[in-house]
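Here's a quick briefing to go with the model you're about to look at. Have the viewer open and follow along by topic.

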Amino acid sequence: MTLLFNLLAQSVQMLLVLALAPLLIGFVRKLKARLLRRRGPPIIQPWLDLIRLLRKEVVLADNASWLYRAAPYLIFAMIWVAASLVPTFATGLTFSWSADLIAIIALLGSARFFLALAGMDIGTSFGGIGSSREAMFGSLAEPAMMMIVFTVSFVAGTTQLSEIAAYMVANMELRASVGMALVALLIVAIAENGRIPVDNPATHLELTMVHEAMVLEYSGRYLALIELASALKLLLYLSLIACVFFPVGLASHDAGVEAMMIGLCAYILKLAIGGGALALFETSTAKMRIFRVPDFLGAGLMLGLLATLLVFVTRSL
């Protein structure tokens, strides 16, 4: 009975992140429009767009290879698995043993690799520009992410997310290293999701776009899968921040349904706060030039490195 309950909770988590990801995008867009004194689209608009894309016919270039057709499925599967591994409303679920920070980074890196390959597969100039920029950003974002993982794992003594969340709940204290890691993760999350000031998801200017340049030739269900994967990626980073740095409200795997419902409400509240903070930040910040992005990511890398060194120095004293 316990195993069945854990499997049910794990299935709910997988479906939950899939359902909430487009709604999070819609919430951010709606709040940004309100902050700019506009009405804005409804919160469910991303889901309506995905349904519309699924109904459309797929149009492919004549020289598109099998990789171009398989990439959307691979990207969606990797990011969905990574997002489902991050504890949302409960810890210690059935697949929690595989919820390792390094494994999640590997899944995200693999998804970026296939997206960059798909962008170059057709041979268009836009795809090549977007893929090269994505590779440049990834070469700085991944080392910064590894420094963040080292910091958190040295503090908690493990890279397993459920155990990290349990440690953070039991040791609610201010740490300079953890604060630096949080700021570094925020910088990486903004860059990895192509949000302002790194990229503007609402524009299609060829001089600035990164993600849109790689998926410009996709249509129909392929574009729907990539857009859904992009929404899942944003939710993944917000869930990761909530799980590692703000794990208040997370229920344990042996808790009852009531505790998990409280954890679910706390998780939705955290997503709302994160989405609101993102909307407020994007409406009050201008997009930076593309050549300034390495400096932005370099700051995140340096913060992650300083946080790791600070943990080592603190332990040696």
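E134 touches R112, V210 and M214, once residues up to four places away in sequence are set aside. Keep in mind that this is a predicted model. E134 sits in helix α5, and with a relative accessible area of 10% it counts as buried, because the cut-off for that is under 20%.

**Helix α5**
- Helix α5 covers residues 125-156, which makes 32 residues.
- Its end C-alpha atoms are 46 Å apart, and that agrees with the 46 Å you'd expect at 1.5 Å a residue.
- There's still a kink in α5 of about 25°, and G138 is at its centre.
- Just after α5 comes G157, which has a positive phi of about 85°.

**T308 and its contacts**
- T308 belongs to helix α11, which runs over residues 293-316.
- Is T308 buried or exposed? At 6% relative accessibility, T308 is buried.
- Leaving out residues up to four places away in sequence, T308 touches M147, F150, T151 and F154.

**The largest nonpolar core**
- How many residues does the largest nonpolar core have? The count is 96.
- L161, Y218, L232 and F245 are the ones with the most contacts inside that core.
- Helix α9 (residues 220-245) gives the largest share of this core, with 19 residues.
- F245 is in contact with V152, V178, A181, L182 and L185, if you skip its neighbours within four places in sequence.

**The largest pocket**
- If you're after empty space, the largest pocket has a volume of about 1100 Å³.
- Its lining is made of 46 residues.
- Which of them lie nearest the centre of the largest pocket? Those are R29, P201, E212, E227 and S230.
- Helices that each supply at least two residues of this lining include α1 (2-35), α2 (45-55), α3 (66-85) and α4 (101-121).
- Also among them are α5, α7 (176-192), α8 (211-214) and α9.
- The largest share of the lining, nine residues, comes from α9, and α9 also gives the largest share of the largest nonpolar core.

Definitions and conventions
Residues are numbered from 1 along each chain as its sequence is written. This is a predicted model: local features need pLDDT of at least 70, side-chain atom pairs count only at pLDDT 80 or more; totals for chains, interfaces and linings use all residues. Side-chain values use heavy atoms; hydrogens and water are left out. A nonpolar core is a set of buried Ala, Val, Leu, Ile, Met, Phe, Trp, Tyr and Cys residues joined through side-chain atoms within 4.5 Å. Buried means under 20% relative accessible area, exposed over 50%, partly exposed in between (1.4 Å probe, protein chains only). Helices (H or I, at least four residues) and strands (E, at least two) are DSSP runs, numbered from the N terminus. Contact means heavy atoms within 4.5 Å. The expected span of a helix is 1.5 Å times one less than its number of residues. The bend at a residue is the angle between axes fitted to the seven residues ending there and the seven starting there. On a 1 Å grid over the protein atoms alone, a cavity is a set of points where a 1.4 Å probe fits but cannot get out, and a pocket is an open set with protein on both sides within 12 Å along at least five of seven lines; lining residues have an atom within 4 Å of a point. Grid points are joined across faces, edges and corners, and a volume is the space filled by probe spheres set on the points.
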